[in-house]
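Me: Please take a close look at one part of this structure, the open sheet of four strands, and explain how its strands and the helix beside them are arranged.

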Amino acid sequence: MDNNQALIAQCEERAKQWLSPAFDEETRKAVQAMLDNEGKTELIDAFYRDLECGTGGLRGIMGAGTNRMNIYIVGMATQGFANYILKAFPGRTDLSVVVGHDCRNNGRLFAETVANIFSANGIKAYLFESLRPTPEISFAIRQLGAQAGVNVTASHNPKEYNGYKAYWDDGAQVLAPHDKGIIDEVNKVTIADVKFEGNKDLIEIIGGEMDVDYLKAVKEAMVDQDVILRQKDLNIVYTPLHGTGRVIIPAALRTWGFQNIHVVPEQMVIDGNFPTVVSPNPENSEAMTLGMKLGTKLNADLVIASDPDADRLAIVCRNNKGEWEILNGNQTCMMFSWYIIANKKKLGQLKGNEFLVKTIVTTEVIAKIAKKNGVEYKDCYTGFKWIANEIRINEGVKKYIGGGEESFGFLPFDKVRDKDSPASICLICEIAAWAKDNGKTLYDLLMDIYAEYGFSREFTVNVVKPGKTGADAIKQMMVDFRKNPPTELGGSQIVLRKDFESLEAKKIDGSVEKIDMPDRSNVLQWFCEDDTKVSVRPSGTEPKIKFYIEVKDPSFKCAGCYDRCMKAAEEKIEAIKQSLNLD
């Protein structure tokens, strides 16, 4: 039997287990159809493995199968999670969890399934009455003193996906040892072990009161109330992209003092099919089209968006030609970092024990901003759970003032332990108000930052490889890069290589230093003599491998240099892509 036949046989055996009465009729019919189909691609993709946890938790395409999101996979994950909680807090009779969901199809079904299973295991479930932002779930865990939480969301993934983010008692997504402990418990669970019948006495519906508490906490991210009062008529256009920000973000902006807020009506409709966009990802410029159209009609100062679970944000501002320009995640993170440091310093709010956090794949300009202003900064792995970890280990000793990553996520205060678009959107509007108060735009501010700290252009290449064959190909790419690493990138010599799996940094002279990180990760980084940086990592939540490219241009002096430097940077990026065979 060849490998492919063996794989088909293995998948058929697993699929036949889903024909038992433990599964509903609809699921059994879907599985039988896969078994009966002469083509076995769908069967293999659905059953070749169990859906795995990554940096964002459990996430996958909805449908029948072990490698799909459905009530049974959600059920077994939740039963395992409940078993782990009961072991982690022995003897406790007051255990509780917070459960939420976003706008996605099956979101409410999955969330109610999760709440039922926790309650059936004697754990009280605080279930949000309807869709809520991811950061509010994180906040509620801390506010209610819960031991854990689950948010049913696939963030910015396409409409076919749903997901499951697991949180611990600090409001952050789970890290070691809990992540491994939960996975071990989940792997022990069979469908027969899952307690699907809930205990209504242990399910409490929450909503409005938590919204009020959360909105009050979000105001703690404000730096300068006076500038908002002077520019309260800042012309803002906002879109939730059919998601959870639709109510909470306009409300947050009003509590901060902004009075001229407009929403994109077509995208205020809750819809897990995301009918007005190809993909509900704020990283994709197409998703911002309707917002920019309304912004032009209303002569808005800026257009902002949140993704479906409202943890990430996108910002569009006018450039020096009056045209809309979408800021990338590095630029927004850089702008947040600069404004927080500069204006807290100006207002006497820095006491000397503050720190910023960025992920290793985010622009190094942030490190320059922090160093030049005497503020400590920390590097961490991709995934906001690692930023939350830095907050946790420094709590009570150092003051967290902000942290972010290139993928459009930022957290400007510490009452939440995940990306927070409501707070970040309010703060970027404050920054726009400050710029306007000083006769500038957000674009002007960005140019000023480049002039002082150096021009940087970042670009991410996503190589998508779905299914088992794709997963194997991605694994082999990382093996090949380790065996035969590149020596140059786009004509620039590599002088330092970092491998976060071995935690070793190798310099061009052959010397090796250990990398100080809290865990190992399958990430490679290459640094060149001209400060070019390339990071490579397989995605933890999607079937792709990501290449993060950052190039510099020391010749940038003012806004007039921008187009020239951008053109040179794009040429350099293309050369790097050719060096890595990414065309």
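Reply: Two strands are said to pair if DSSP finds at least two bridges between them. In general, the strands of a sheet pair through backbone hydrogen bonds, and they do so either in a parallel or in an antiparallel way. The model discussed here is a predicted one, and with that in mind we can follow the sheet from strand to strand.

The four strands of this open sheet come in the order E14-E13-E15-E16, and their pairing is mixed. At the edges stand strand E14, which covers residues 376-380, and strand E16, which covers 409-411, and each of these pairs on one side only. Going from one strand to its neighbour, the average turn in this sheet is 15 degrees, when direction is ignored.

One pairing deserves a closer look, namely that of strand E15, made of residues 399-405, with the edge strand E16: these two are joined in the antiparallel sense over three bridges. Within this pairing, Glu405 has as its bridge partner Gly409, which belongs to E16.

A helix also belongs to the picture. Helix H12, formed by residues 329-346, lies across strand E13 (354-359) as well as E15 and E16, and it runs at about 165 degrees to E15. Strand E15 therefore appears twice in this account, since it pairs with E16 under the definition that asks for at least two bridges, and helix H12 lies across E15 too.

Technical notes
Residues numbered from 1 in each chain as written. Predicted model: local features only at pLDDT ≥ 70, side-chain atom pairs only at ≥ 80, totals over all residues. Heavy atoms only, no water. Axes fitted to C-alpha atoms, helices over the stretch in contact; angles between N-to-C directions. Contact = heavy atoms within 4.5 Å.
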